[in-house]
Amino acid sequence: MSDRDLLNQQLNQKWKQLQRETNSIGQAHYNLDHSFEVKISFKLDKSVSIGAFIPNKENPNEYKAHPQTLRALKKDLFVADNKCELFSKIIRCHSCNTEIDTQFWIHCPFCETSFNS
Ligand SMILES: [Zn+2]
């Protein structure tokens, strides 16, 4: 299975999970009819700290980031709520001991170690 196929499979699973979520009175928790896509662009800047994103004050959809950070960042993020809690999965990198939310990263942005190694 290609990386793209695996990503599509993961996104479909998350979409189905969102469809199943209900609130305390048994109704759909998310209004999926009002979903939207946001495209963010990045400018490479080695002066930015690894793991950080500096917003462009003139363009709200553009950020500066270190190339190592962008290599680690997932290219398609599926966000269901403002706090990004639904798909959060916090792990501690076994190499650099940093806490990482794997919903955003392909590998550790700080030391580039794979989560699976
Ligand atoms: Zn690490």
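**Exercise 1. Pairing within the sheet**

Which residue is the bridge partner of Ile54 in β3? Determine also how the strands of this sheet are ordered and how they run.

*Solution.* The structure is a predicted model, in which local features need pLDDT of at least 70, side-chain atom pairs count only at pLDDT 80 or more, and totals for chains, interfaces and linings use all residues. Residues are numbered from 1 along each chain as its sequence is written.

Step 1. Fix the terms. Helices (H or I, at least four residues) and strands (E, at least two) are DSSP runs, numbered from the N terminus. Two strands pair if DSSP finds at least two bridges between them.

Step 2. Find the partner. Lys64 in β3 is the bridge partner of Ile54. Asn56, in turn, stands opposite Asn59 in β3.

Step 3. Establish the direction of β2 and β3. Three bridges join β2 to β3 (residues 59-65), and the two strands run antiparallel. The connection between β2 and β3 is a hairpin of two residues.

Step 4. Turn to β1. Four bridges join β1 to β3, and these strands run parallel. Leu44 has Ala65 as its bridge partner in β3.

Step 5. Assemble the sheet. The three strands form an open sheet with the order β1-β3-β2 and mixed pairing. β1 (41-44) and β2 (54-56) stand at the edges with a single partner strand each, so one side of each has no neighbour in the sheet. From one strand to the next, the twist averages 35°, the axes being lines fitted to C-alpha atoms (for helices over the stretch in contact) and angles running from 0 to 180 degrees between N-to-C directions. As background, strands of a sheet pair through backbone hydrogen bonds, either parallel or antiparallel.

**Exercise 2. The chain as a whole**

State how many helices and strands the protein chain has, and describe its extent and the confidence of the prediction.

*Solution.* Step 1. Count the elements. The protein chain has two helices and five strands, and along the sequence they follow the pattern α-β-β-β-α-β-β.

Step 2. Consider the extent. The C-alpha trace spans about 50 × 40 × 30 Å along its principal axes.

Step 3. Consider burial. A residue is buried if 20 or more other C-beta atoms lie within 10 Å of its own, exposed if 12 or fewer, and partly exposed in between, with C-beta atoms placed from the backbone. Buried residues make up 6% of the 117 residues.

Step 4. Consider confidence. pLDDT is the predictor's confidence in each residue, from 0 to 100. Its mean over the protein chain is 86, and 97% of the residues reach 70 or more. Confidence is lowest in α1, at a mean of 78, and highest in helix α2 (residues 67-72), at 96.

**Exercise 3. Helix α1**

Is Asn12 buried or exposed? Compare also the span of its helix with the expected span.

*Solution.* Step 1. Locate the residue. Asn12 lies in helix α1 (residues 3-20).

Step 2. Count its neighbours. Asn12 has 10 other C-beta atoms within 10 Å and is therefore exposed. The helix around Asn12 is hardly covered: the count of buried residues among the 18 residues of α1 is zero.

Step 3. Compare the spans. The expected span of a helix is 1.5 Å times one less than its number of residues. From first C-alpha to last, α1 reaches 26 Å, close to the 26 Å expected.

**Exercise 4. Residues in loops**

Where is Ile50 found, and which residues does Ile50 touch? Examine Asn97 in the same manner.

*Solution.* Step 1. Locate Ile50. Ile50 is found in the loop between β1 and β2. Ile50 counts as partly exposed because it has 16 C-beta neighbours inside 10 Å.

Step 2. List the contacts. Two residues are in contact if their C-beta atoms, placed from the backbone, lie within 7 Å. Not counting residues up to four places away in sequence, Ile50 touches His66, Gln68, Thr69, Pro109 and Phe110. Ile50 and Pro109 are 59 residues apart in sequence, yet 6.9 Å apart in space, C-alpha to C-alpha.

Step 3. Examine Asn97. Asn97 is in the loop between β4 (90-92) and β5 (99-101). Its phi is near 70°, a positive value in a residue other than glycine. With 9 other C-beta atoms within 10 Å, Asn97 is exposed.
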